[in-house]
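Please consider how aromatic rings are arranged in the model shown below. The paragraphs that follow lead from one ring contact to the next.

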Amino acid sequence: MTATPKGPARTVRLTTAQALVRFLSRQYTERDGTRQRLIGATWGIFGHGNVAGIGQALVEHADEMPFHQGRNEQAMVHAAVGYARQCGRLSTHAVTTSIGPGATNLVTGAALATVNRLPVLLLPGDTFAARPADPVLQQLEVPYAGDVSVNDCLRPVSRYFDRVTRPEALIPAALAALRVLTDPVETGAVTLALPQDVQAEAYDWPEEFFAERTWAVRRPVPDPRELADAVRAVREARRPLIIAGGGVHHSAAEDALRELVDATRIPVASTQAGKGSLRFDHPADVGGVGHTGTATANELARTADLVIGVGTRYSDFTTASGTLFERPGVRFLNLNIAPFDGHKLAGATLIADARAGLQALTGTLRGHRVEPAYAVEYTDDKERWEHRVDAAYETDEPDVRPTQPQVLGLLDELVTDEDVVINAAGSLPGDLHKLWRARSARQYHVEYGYSCMGYEIPAAIGVALAAPERPVWALVGDGTYLMNPTELVTAVQENVPIKVVVLQNHGYASIGGLSESVGGERFGTDYRFRAPDGTYTGDALPVDLAANAASLGMRVLRAKTIRDLREALREARGADRPTCVYVETETADTVSGPPPAQAWWDVPVAETATRVSAVKAREEYDRHVTARRRHL
């Protein structure tokens, strides 16, 4: 048979940057029959390292790639991550920066994305590939290597990294980058470092490079043998407990989890990332687990004979630093799409997509239920805990300054299933995990994998861009606010109607309490003037964060009392422009605070000290350490 001669491949001449933008605009994901664009938009701050390349390309192809102007490179990554999480990891944003400080500012955001297994595409400019002058502006000179730049800081926090030193190298690099972004096991931050001369260099690109591509997001099903072993373990257990992690949300497995629980009545505790996997009022939802968890969930964890982890990576907060699962002979069954996480705690594995795995368990466990006495036990405990939440939320004195739990209680009165509540750091994650009544799968958005101060405001913008119909709340303490308020300008510029609640407690309240508990005596955690003895124990600093937010263009509502705050929150929820609610909160030093931690967390205490507080803290630490177990 004679082969038919083929004509020359059709090409189009574009710069590397133009080719990348056009390529990205034509990439899609598909899961369960739903197809959506993978890179929904590009965020950027321009300098000499990207303005003539990526910047020009975004102008050239403005009809193909939406653009958002940022104010801080780290914050742009947070916004992209918030967008990706709201989209169930099926769509994300790209972030472009100049070389030098613009690129290194990406590192924290990249680490957050990778730790939380959330996709984001980073496009930092890089120094010249051709080296026409050496060094150039903002170049890091490394005496032992000529091919190292500051962008190499992004290698350890990226799931994929490549430096595109020739135009034609973009083709395999771009395809590899998108393979990782769309892989539910491997996803995280992906970095394509782009030398500024290569960005602007033209090349004859094959037209097929720009054809629409649809990346199928897999749902691997369980291995039959692993499934049979898992079913046997569940049937043999008398006190099983499910721990729902972020993988439940990532795989949209909430309905599958509910169906399994309705059939078996196995109780469900949740990690920070997994909270909302069941509605708070589902009879089997026992709340957060671990150091910031509820008494109900933690008591079940201590007495469980089988712990079924679904999409969790078992952080130290979840396991109470290895002290939570006390029962002799307790076993672990880990349903996880990532073998790395599935094998933790020497658990039996069920390596599969969370939804597929839960559906398989439900079908194979047909007819199996936990003993009625066990269900009655956790149901009664759950009711007792709800009374403690009610007490923390109680606002029967409307003309006093609210506590932090009372702020959450007032918000709890107001929100519906549609609202999204975002937080990441400080004392709020603990209060939220213990107290918040999650009403829907996407309502509770607490970033606690990296617990990054400054995440909340830009993430709220990303969430609002992904779900413009939903009221989006960013809850921030004064410490977090001061870390990263700049994207308020972006919210104002784009008229993204986020609702920012600033809680002023004059310092790092969470670390202050931790410092005190480990013998540090709240050293360096209060926002106060120096006293005559040199310590930060003078008057509170006269900072006015409400005025700062107003200066950045936000509408600001000041609340001094519980009565004021209730009205301000209601007004903010109905606002059609970015709005900030500012309130000074009462601290736990002067009034009763939220329920204390229901499980331990390992923060090593000084082994030798002369100060009484540190000596006592070490004695308490040694007592807890003896309870740690290594599950082998």
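Is Phe332 buried or exposed? In this predicted model, Phe332 is buried, since its relative accessible area is 4% and the cut-off for burial is under 20%.

The wider setting is a set of ring contacts: a search of the whole structure finds 11 aromatic pairs. One of them joins Phe317 and Tyr448 in an edge-to-face arrangement, with 5.2 Å from centre to centre and 70° between the planes. Phe317 belongs to helix α12 (residues 316–319), whereas Tyr448 is in the loop between β19 (444–446) and α18 (456–466); the pair therefore ties together parts that are 131 residues apart in sequence. As to solvent, Phe317 counts as buried, at 12% relative accessibility, while Tyr448 is partly exposed, with a relative accessible area of 22%.

Phe332 itself takes part in an aromatic pair with Phe325. This contact is edge-to-face, with the centres 5.2 Å apart and an angle of 85° between the planes. Phe325 counts as buried, because its relative accessibility is 2%, and Phe332, at 4%, is buried as well.

Elsewhere, ring pairs link several residues into a cluster, made up of Phe23, Tyr203, Trp205, Phe209 and Phe210. A charged side chain also meets this cluster at Phe210: Arg22 lies over the face of the Phe210 ring, 5.6 Å from the ring centre. A lysine is placed over a ring in another contact, where Lys275 lies over the face of Tyr444 at 5.6 Å from the ring centre.

Notes. Residues are numbered from 1 along each chain as its sequence is written. This is a predicted model: local features need pLDDT of at least 70, side-chain atom pairs count only at pLDDT 80 or more; totals for chains, interfaces and linings use all residues. Side-chain values use heavy atoms; hydrogens and water are left out. Rings of Phe, Tyr and Trp (its six-membered ring) pair if their centres lie within 6.5 Å; planes under 30 degrees apart count as stacked, over 60 as edge-to-face and the rest as tilted. Helices (H or I, at least four residues) and strands (E, at least two) are DSSP runs, numbered from the N terminus. Buried means under 20% relative accessible area, exposed over 50%, partly exposed in between (1.4 Å probe, protein chains only). A charge sits over a ring if NZ of Lys or CZ of Arg is within 6 Å of the ring centre and within 35 degrees of the ring normal.
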